[in-house]
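Work through the exercises below with the structure open. Try each task before reading its solution.

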Amino acid sequence: MKMKKVRIVFMGLVMFMVAAMSAIADESAMERVNDPDTNSAAPATILQPSLVDKLNRGEETFDVFVLLKGHKECVGKIKEADSPAKMKIYHSEIHGKQDRVLNRLDRPNFTLKHRFNNILGFAGKVNRHALEALLAMPEVEVIEEDPQVEAHTKQGIPLMSGSQVRSSYDGTGVSIAIVDTGINYLHYDLGYAAFPNTKVIGGYDYGDDDDDPMDYDGHGTAVAGIAAGSTIITQGNYIGGVAPNAKLYALKVVQDGSGKPQNLSAIGAAWDWVIDDDNRPDDPENPILIINTSFGFGNYTSACDNLYQSMADFADAAVAKGITLFASSGNNAYTNSITTPACLSNVISVGAVYDANIGGPHEWVSCTDQATAADQVACYSNSANILSILAPSNNAYTTDIAYFP
């Protein structure tokens, strides 16, 4: 059977992901809302401005992150939880504080989407009554919007070469968590067997809330092929992943066949899963050292930790566990801003450059209407002063979702 390959840009993430294996804002942007029912001296709840705007416009339902008081201190404890017994105590403390809030919410007005294990908060859908109830609870510190995110994909010509990197670092002894649309684990170069297999050794589907992270969109499979595809069968310019001996975890954050963008909290839930040792098989020979996320939302010119404190807590917790996070800067052609979660301080944001003069214009890159050159920022790639790194990754050949054995 013919094996197809796709050519997709993922913002240069993988080149620097593998290199990392060897070494492994402003509060005025938020609005404080006075507690209407108490005279407590505790700080008032912080409500994200976008939610204030929606309230003022008369909207009735909201997707939200909720952080409880002490959430930053709680993340700090994860460094001390260096054993399963200590992690159990840590999680018990989080769950107890979550329960005290969740048990007082009127469920017809509130739908729980994600209850997190490693940060002191949760995500859900609320109406105005539930939002007002949360604002009145002294335990609640921050309420943020849970926006929709989109996959970061762009096409070009084959310019990426992984040979130089993988000659030094082939991924042996490392697992990469691909937070994306899932992985086609039946592909020859991605395990070629039922899940879990020898390549895709674990994962979860947060889009459909089940144990099968099969990819039906293609984006995650392409990312997985660039990161750690084997070389069981090769075709054309595909020579396997940059780290062909690395193992993969598939964290799916989209619903099967919905075609709808997923909310940011699904990415948070996936990061939470990776941080939590109890959620994945005990594989000390292949620990997860990298999380790769090629999804994002919005445009930010500076670090966005105070705008997305929930995601910042996840990133801080991951780093405390020795995990490096990479996120794509986005493909919106912004020249002074990048998307979230790439804009978080503890996330390495990655944009794309050309590694040669590819000429132009080209129908597959509508913005390429000028001369191109090596090290020039790709016209579609978001960049800003806060961008961490740029890397050549333009139209890399990789594994195709259309191929099933």
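The exercises that follow concern a predicted model.

**Exercise 1. The parallel sheet**

Task: State the order of the strands in the seven-stranded open sheet and find its edges.

Solution. Step 1: the order is β10-β11-β9-β12-β14-β16-β17, with parallel pairing. Step 2: β10 (200-205) and β17 (389-392) are the edge strands, since each pairs on one side only. Step 3: from one strand to the next, the twist averages 25°. Step 4: look at the pairing of β17 with β16 (residues 348-353), which is parallel and has four bridges. There, Val 353 stands opposite Pro 392 of β17.

**Exercise 2. Helices across the sheet**

Task: Which strands does helix α7 lie across, and which does α8 lie across?

Solution. Step 1: α7 (residues 219-228) lies across β9 (175-180), β11 (247-252) and β12 (288-293). Its direction is at about 160° to β9. Step 2: α8 (residues 264-275) lies across β9, β10, β11, β12 and β14 (324-328), at about 170° to β12.

**Exercise 3. Helix α8 in detail**

Task: Compare the reach of α8 with the expected value, then decide whether the helix is mostly covered or open.

Solution. Step 1: the helix has twelve residues and spans 17 Å from its first C-alpha to its last. Step 2: this is close to the 16 Å expected at 1.5 Å a residue. Step 3: a residue counts as buried under 20% relative accessible area. Twelve of the twelve residues of α8 are buried, and the helix is mostly covered. Among the buried residues are Trp 271, Asp 272 and Trp 273.

**Exercise 4. Strand β6 and its partners**

Task: Find how β6 pairs with β4 and β5, and how enclosed β6 is.

Solution. Step 1: β4 (residues 61-68) pairs with β6 in the antiparallel sense over seven bridges. Phe 65 stands opposite Ala 123 in β6. Step 2: β5 (residues 110-115) also runs antiparallel to β6, joined to it by five bridges. Here Thr 111 has Lys 125 in β6 as its bridge partner. Step 3: five residues make the hairpin connection from β5 to β6. Step 4: β6 (residues 121-127) is largely enclosed by the rest of the structure, because six of its seven residues are buried.

**Exercise 5. Tyr 334**

Task: Is Tyr 334 buried, partly exposed or exposed?

Solution. Step 1: Tyr 334 is in the loop between β14 and β15 (338-340). Step 2: the class "partly exposed" lies between 20% and 50%. Step 3: Tyr 334 has 29% relative accessibility, so it is partly exposed. Step 4: its contacts include Gly 298, Asn 299 and Ser 381.

Terms used
Residues are numbered from 1 along each chain as its sequence is written. This is a predicted model: local features need pLDDT of at least 70, side-chain atom pairs count only at pLDDT 80 or more; totals for chains, interfaces and linings use all residues. Side-chain values use heavy atoms; hydrogens and water are left out. Two strands pair if DSSP finds at least two bridges between them. Helices (H or I, at least four residues) and strands (E, at least two) are DSSP runs, numbered from the N terminus. Axes are lines fitted to C-alpha atoms, for helices over the stretch in contact, and angles run from 0 to 180 degrees between N-to-C directions. Contact means heavy atoms within 4.5 Å. Buried means under 20% relative accessible area, exposed over 50%, partly exposed in between (1.4 Å probe, protein chains only). The expected span of a helix is 1.5 Å times one less than its number of residues. Lists of a residue's contacts leave out its neighbours within four places in sequence.
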